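Please provide a formal report on the structure below for a bench biochemist. The report should cover the salt bridges, the overall fold, the pockets and the backbone of two loop residues.

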Amino acid sequence: MSLARTDSRDWGRFALFAECLLTGVWIALAALPLVTYPAALAAGTRHLRRHLAHEPGEWREFTADFKAAVRGGWLVGLAGWAALAVVWTDLRAVRAGLPGGPLVGAVGVLALVGAAAALLRAAALWRPGVSWRPLMARAGRHTVRDPAGSFLLVGGLAVTVCSAWFSTPLAVPVLGTVAAAAVAVEERHRHR
């Protein structure tokens, strides 16, 4: 293998990594209204798919995708926050020592983790014009039928949380790598 060919491949990998970091910043900016995080993830995964296909795509295309995804995506975001509030309440019940609390708390946390993996899968599957309801159902089936891929996504989320805990600014670009992981997991699932 020639040195030029190796350098070219390495440069392509670095360019993809850099694009993931930039996409993470874009996702964070688009998710600032808090209920728009599903649309931001969908626009981010679509941007990364374009990049991998060597199609043109910059901030303008990301913004257009975000506007299309936010139409129904904000409801998914609102439902996500409601689910988090329910799990938070369950965990408070566990701490209060209510009977059955540990079981309910564990089920709630597992359901929330599963929902987060399904949301990432739905974002990777999103295309303009596709409704979020059937998309979430399809992503939920993928989450259950492909536990290895779901585990990879949960691991990516854990890395993001650890990055935020270690250094909050690191969590912003890492969001792009989680979006890239969602794209990779869905491609892996598609080819199985």
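## Salt bridges

By the rule applied here, the count of salt bridges comes to 8, a salt bridge being a side-chain nitrogen of Lys or Arg within 4 Å of a carboxyl oxygen of Asp or Glu. The model is predicted, and therefore local features need pLDDT of at least 70 and side-chain atom pairs count only at pLDDT 80 or more, while totals for chains, interfaces and linings use all residues. Residues are numbered from 1 along each chain as its sequence is written, and side-chain values use heavy atoms, with hydrogens and water left out.

Three of these pairs are listed in the table.

| Pair | N to O distance | Location |
|---|---|---|
| D146 and R121 | 2.9 Å | loop between α5 and α6; helix α4 |
| R121 and E186 | 2.6 Å | helix α4; helix α7 |
| E187 and R190 | 2.9 Å | both in helix α7 |The side chains of D146 and R121 meet in a salt bridge. D146 lies in the loop between α5 and α6 and R121 in helix α4, so this pair ties together parts that are 25 residues apart in sequence. Both D146 and R121 are buried, where buried means under 20% relative accessible area, exposed means over 50%, and partly exposed lies in between (1.4 Å probe, protein chains only).

R121 also forms a salt bridge with E186. Since R121 lies in helix α4 and E186 in helix α7, the pair ties together parts that are 65 residues apart in sequence. E186 is buried, as is R121.

The salt bridge between E187 and R190 lies within helix α7, where the two residues are 3 positions apart, about one turn of the helix. E187 is partly exposed, with a relative accessible area of 23%, whereas R190 counts as exposed at 55%. Salt bridges that share partners join R121, D146, E186, R188 and R192 into one network.

## Overall fold

The secondary structure of the protein comes to 7 helices and 0 strands; helices (H or I, at least four residues) and strands (E, at least two) are DSSP runs, numbered from the N terminus. From the N terminus on, the elements run α-α-α-α-α-α-α.

The C-alpha atoms fill a box of roughly 65 × 35 × 35 Å, taken along the principal axes. For 192 residues, a compact globule would have a radius of gyration near 16 Å, and the 18 Å of the protein agrees with this. The radius is taken over C-alpha atoms, and the globule rule is 2.2 Å times the number of residues to the power 0.38.

Buried residues make up 35% of the 192 residues in the protein. Of the contacts (heavy atoms within 4.5 Å) with a separation of 6 or more, 67% are between residues 24 or more positions apart.

## Pockets

The largest pocket holds about 1,100 Å³ of space. On a 1 Å grid over the protein atoms alone, a pocket is an open set of points where a 1.4 Å probe fits, with protein on both sides within 12 Å along at least five of seven lines, and lining residues have an atom within 4 Å of a point. Grid points are joined across faces, edges and corners, and a volume is the space filled by probe spheres set on the points.

Of the 29 residues that line the largest pocket, Y37, W81, A116, L119 and L157 are the closest to its centre. The elements that give two or more residues to this lining are α1 (3-30), α2 (37-52), α3 (59-96), α4 (101-125), α6 (147-166) and α7 (168-190). By class, the lining has 27 nonpolar, 2 polar and no charged residues. Ala, Val, Leu, Ile, Met, Phe, Trp, Tyr, Cys and Pro count as nonpolar, Asp, Glu, Lys and Arg as charged, and the others, Gly among them, as polar.

The second largest pocket has a volume of about 210 Å³. Its lining residues include R71, W126, W132 and R133. The elements α3 and α5 (132-145) each give two or more residues to this lining, and the largest share, 6 residues, comes from α3. The lining of the second largest pocket has 7 nonpolar, 3 polar and 2 charged residues.

## Loop residues with positive phi

L34, a residue other than glycine, has a positive phi near 70 degrees. L34 is placed in the loop between α1 and α2 and is partly exposed, with a relative accessible area of 49%.

H54 likewise is not a glycine, and its phi is positive at about 60 degrees. The place of H54 is in the loop between α2 and α3, and H54 is exposed, with a relative accessible area of 74%.

Key. Buried < 20%, exposed > 50% of the residue type's maximum accessible area, 1.4 Å probe, protein only.
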